[in-house]
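Open the model in your viewer and keep the selection panel handy. We will go from stop to stop, and at each one you will find something to select and something to look for.

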Amino acid sequence: MAEELDLDCVIVGGGVVGLAVARELAMNGREVVLLEAEPMTGSVTSARNSEVIHAGLYYATGSLKAKLCVAGKHRLYEYCRERNIPHRACGKLVVASSEQELRYLEKLSSQAEANGVEDCYLIDAVELSVREPQIRGFAALVSPSTGIIDSHSLMQAYITDIEANGGAIVCNSPVIEGEFAEGKIRLSVGGRDPVVIQARLVVNAAGLNAWTVSERLLGLNVNTIPSRHYAKGCYFALTGRAPAKQLIYPVPEPGGLGVHLTLDLAGQARFGPDVEWVDAIDYDVDASRAQGFYSAIRRYWPDLADGALQPAYSGIRPKIAGPDAGGGGDFVIQGPEQTGHPGYVALYGIESPGLTASLAIGQKVARLAK
Ligand SMILES: Cc1cc2nc3c(=O)[nH]c(=O)nc-3n(C[C@H](O)[C@H](O)[C@H](O)COP(=O)(O)OP(=O)(O)OC[C@H]3O[C@@H](n4cnc5c(N)ncnc54)[C@H](O)[C@@H]3O)c2cc1C
């Protein structure tokens, strides 16, 4: 028979968001145990992204994405400085390839300002070619507060904070199912040593699997669970030198930000992610998608040589809105009032900018859980 444990807070999922939530709760004096299904934390979506610190330009003003991205970005830069986490505020250029796209940049600039991002400005084609001689465009929006970060060092710092504040992280521990019982939540945890846990607070931060975790909680009103959609994004690495010193984005496409140029902290360039709506989780990168990449990238970097792109990796965006709804959709963070249970907090659709927003999401969840 499985052992039964009585705990205060259980976080389901050890990606960057679950870790940030566990860190915040542990620092608030709560007893925290984080359960991770995989053999290590941070190995799913948190290991399959662009590692960009987003400024907060794109998201609808007043949305959770806009608020938590801007607040999270400021906290993240501060935290990186305090903890010596490798990062660089390298800036980014959103490039318009036509006069029509310039109209979009003007709207984006106003939206950024309304979101509290006050450092963006437009430059013309001449200024663009002075700043980035290999990049072509009609105009560009400059975002100086966009940056890049070593996300694994960030997650390691969160783990250090969790453990320093008495929290525990247990890997190889998938939550299989659960039920609401006498003001608590009982969870059955699988793995090598199955266990049953009773917790006063459960935070579902299971990323792509958050919907399934909620569906398997007996007693949860299923109408509280939003719809689930997955949008895969593939990356291709560039052989040779990066064509720019900062990040280069086109104007966004439905479901994603467009095939952009990101740099890692060593200055190596990769392109992506594109958007492919999928039903199942599969991280293979189909080499034939390169064709779409060459044409998308040559709109802003005409000199990209044939054969310079190599398949790299992919990630899958958990989304609450599918292609029929334009592929947008906000983060969904349900506190006890929305889940209908005093001890259950559920997070759905934590796609980009979840990495940037992670510290702010942690704070929001801790407030909801009080
Ligand atoms: C292609 C792509 C590019 C992105 N680029 C950026 C970017 O540049 N900047 C940015 O800010 N954000 C970006 N994001 C978003 C960011 O990566 C995510 O928001 C963030 O990683 C989500 O973290 P998470 O902890 O919610 O999910 P995850 O990292 O997926 O973690 C969830 C964890 O839950 C575990 N789990 C699942 N089921 C169970 C269970 N039953 N029991 C126990 N554990 C379970 C999983 O194993 C996993 O480790 C991008 C996302 C994608 C897909």
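A polar contact here is a pair of N or O atoms within 3.5 Å. Bear in mind that you are looking at a predicted model.

**Stop 1: the ligand and its polar contacts**

Select the ligand and Val16. A polar backbone atom of Val16 is 3.3 Å from an oxygen atom of the ligand. Next, add Ala37, where a polar backbone atom lies 3.1 Å from a ligand nitrogen atom. Then show the side chain of Ser46: one of its N or O atoms is 2.5 Å from an oxygen atom of the ligand. How much of the ligand's accessible area does the protein cover? On its own the ligand has 1,000 Å² of accessible area, and the protein covers 96% of that.

**Stop 2: the shell around the ligand**

Now widen the selection to the 40 residues around the ligand; those that come nearest are Glu36, Ser46, Val52, Ile350 and Thr356. Colour the shell by residue type and you should find 18 nonpolar, 16 polar and six charged residues. Helix 1 (16-27), strand 19 (309-319) and helix 9 (354-368) are worth highlighting, since each supplies at least two residues of this shell. Colouring by domain is useful too: domain 1 (3-48 + 152-227 + 328-369) and domain 2 (92-144 + 229-319) each contribute at least three residues to the shell.

**Stop 3: a cis peptide bond beside helix 9**

From helix 9, step back to Pro353, in the loop between strand 21 (344-348) and helix 9. The peptide bond from Ser352 to Pro353 is cis, with omega near 10°.

**Stop 4: another cis bond**

Select Gly272 and Pro273, which are joined by a cis peptide bond with omega of about -10°. Pro273 sits in the loop between strand 17 (269-272) and strand 18 (276-278). Most residues other than glycine have a negative phi, and most peptide bonds are trans.

**Stop 5: the second largest pocket**

Which residues are closest to the centre of the second largest pocket? This pocket holds about 150 Å³ of space. Of its 15 lining residues, select Val170, Cys171, Asn172, Ser173 and Asp193, the closest to the centre. Strand 1 (3-12), strand 2 (32-35) and strand 12 (195-204) give two or more residues each to the lining. By type, the lining divides into nine nonpolar, four polar and two charged residues.

Finish on Asn172, in the loop between strand 9 (168-170) and strand 10 (175-181). Check its backbone: phi of Asn172 is positive, near 55°, in a residue other than glycine.

How values were computed:
Residues numbered from 1 in each chain as written. Predicted model: local features only at pLDDT ≥ 70, side-chain atom pairs only at ≥ 80, totals over all residues. Heavy atoms only, no water. Near = heavy atom within 4 Å. Polar contact = N/O pair within 3.5 Å; in protein donor to acceptor, adjacent residues only side chain to side chain. Areas by Shrake-Rupley, 256 points an atom, 1.4 Å probe, with all protein chains shown as cover. Helix = DSSP H or I, 4+ residues; strand = E, 2+ residues; numbered from the N terminus. Nonpolar A, V, L, I, M, F, W, Y, C, P; charged D, E, K, R; others polar. Domains from an automatic or database assignment. 1 Å grid on protein atoms, 1.4 Å probe; cavity = no way out; pocket = protein on both sides within 12 Å on 5 of 7 lines; lining within 4 Å. Points joined across faces, edges and corners; volume = space filled by probe spheres on them.
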